[in-house]
Amino acid sequence: MIIDTGAITFFSAATVVVHALGIAHAAHAVMNVRSSQGAIAWGISLVTFPWLAIPLYWILGRTKFHGYGEALRLVYAQHHKLARQTYNDIAKFKVPLSDKIATLQPLAETFTGVPFTSGNAAELLIDGKKTYEAMLSAIAIATNYILLQSYIVNDDQAGHEFKEALIAKAQQGVNIYFLYDEIGSNKLSRSYLQSLRKSGIQVSAFHTTKGKGNRFQLNFRNHRKILVVDGEIAFVGGLNIGDEYLGKNPRLSPWRDTHMKLEGPTVQSLQASFLQDWYWATRQLLDVNWQIKPNRELNQSAFVLPTGPADHLKACNLFFVNAINEAQNRLWIATPYFVPDEATLTALKLATMRGVDVRILLPNRPDHLFVYLCSFSYYNEMAAFGIKLYRYKHGFMHQKTILIDDDMAGVGTVNLDNRSFFLNFEVMGFVAAPKFVTSVEKMLKDDLAVSVTVDFSDYKRKPLWFKLAVRISRLLMPLL
């Protein structure tokens, strides 16, 4: 038998090069990966299995979204007078917070440039039917422009209803801008988008991989759900656009979710978030209404927090940790995914040690098995510190809400997991007003009434294969 020594030499050289690249990438991971667990996981993988780990690291290893911040800084420099005037106008409505949550005000201004403001009206919207009706009603009264952004848009009955509503307004001369995440909406048909464009609606994907050197920037998502009408009414929350959010997916029905409608200065903040994403995707500056129309009747204090992997500071994680630390009596959190980082988990533990009633409400049914399994890995720690865990039994729960004492409630797109805190573009609305806080309290009490309290000891009786799957999912989460 004749041995091709040239092929062997080439393979040997290639092996040496790949392993050397694996070591170099491992060094990069040690220096740049956010958590020590993630750095160790990547380091071992890159040194041991470089052929597989290197391409995965190019896709999953990034923790910073490149180009976004630079693009915005450039456009702000060109239009700094307008930007400064807008922020100044919002700042005129700055409102002092109660002593218990006063530390959130400087954080709000540091992270976004704008504070908690007065003159807002927040309406809680529970589940898809009520939310879609409110959104479509707002679209119907638009006279100037509509900004619509969603992580998922489906070409189904619900998607068709929104499409027809937008087309009808476009035919009336209303300017419409439609932004979607190309990964979240990967099943959205080309014909759906074409019908929007043919009607004069401007449509764009978020374009995660846009920009030099960003071809492998695939592990980020724009998870925001925003609707702004004429710069006067806005919506934000957990609902995307699709039939499943109306409970029409038999496996996950009924679907439990939460959204909210806003008026006042917070509308301008949501509008600014949309415009930043639109500029990244299209490099277009939109002519919109920046005049604030305060709601003097309700005059609620509120704040909008857009966050993402392009932030200079880890705003989402830092704001949530500080908010948890402010709780003195009650901290109720509803989230479909519970994979907290160490800082968040520590804050939850410390809250229980202060005597705070900490309740975490999770779905009983999984829609993403990997994340569902990972939540079980926190059972022992939660049990040791007295954190109460509930599983929602009446369908699938997708809402993202937080209730702090009797002082503040938040509704938005942020899940209590690694992806929302560090990898996704997210947005939350926080309202510090008794009427709104009471409505969130009632809603969560109703949810808890159809939930079961988790007996943490049940996990000890799970079969070995289940526990092994849980531990593997926990080990892999830092990579994502």
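**Close-up views of helix α5 and the two largest pockets**

**View 1. Packing around helix α5 in the predicted model.** The buried residues of α5 pack against three helices and a strand by name, namely α4 (68-78), α6 (104-112), α10 (265-282) and β1 (117-126). These buried residues are Ala 83, Thr 86, Tyr 87 and Ile 90, and because they cover an arc of only 95 degrees around the axis, they lie on the same side of α5. The helix itself, residues 80-91, has 12 residues and reaches 16 Å from its first C-alpha to its last, close to the 16 Å expected at 1.5 Å a residue.

**View 2. The largest pocket and its lining.** This pocket has a volume of about 1200 Å³ and is lined by 46 residues, of which Leu 72, Tyr 76, Tyr 87, Thr 112 and Gln 276 lie nearest its centre. The elements giving two or more residues to the lining are α4, α5, α6, α10 and β10 (300-307). By residue class, the lining divides into 24 nonpolar, 15 polar and seven charged residues.

**View 3. The second largest pocket and its lining.** About 860 Å³ of space lies in this pocket, and of the 31 residues that line it, Tyr 151, Ile 152, Tyr 337, Asp 367 and His 368 are the closest to its centre. Both α13 (369-376) and α15 (418-423) supply at least two residues of the lining, with α15 giving the most, three residues. The lining of this second largest pocket comprises 11 nonpolar, 13 polar and seven charged residues.

Definitions and conventions. Residues numbered from 1 in each chain as written. Predicted model: local features only at pLDDT ≥ 70, side-chain atom pairs only at ≥ 80, totals over all residues. Heavy atoms only, no water. Helix = DSSP H or I, 4+ residues; strand = E, 2+ residues; numbered from the N terminus. Expected span 1.5 Å × (residues − 1). Buried < 20%, exposed > 50% of the residue type's maximum accessible area, 1.4 Å probe, protein only. Arc of directions from axis to C-beta. Contact = heavy atoms within 4.5 Å. 1 Å grid on protein atoms, 1.4 Å probe; cavity = no way out; pocket = protein on both sides within 12 Å on 5 of 7 lines; lining within 4 Å. Points joined across faces, edges and corners; volume = space filled by probe spheres on them. Nonpolar A, V, L, I, M, F, W, Y, C, P; charged D, E, K, R; others polar.
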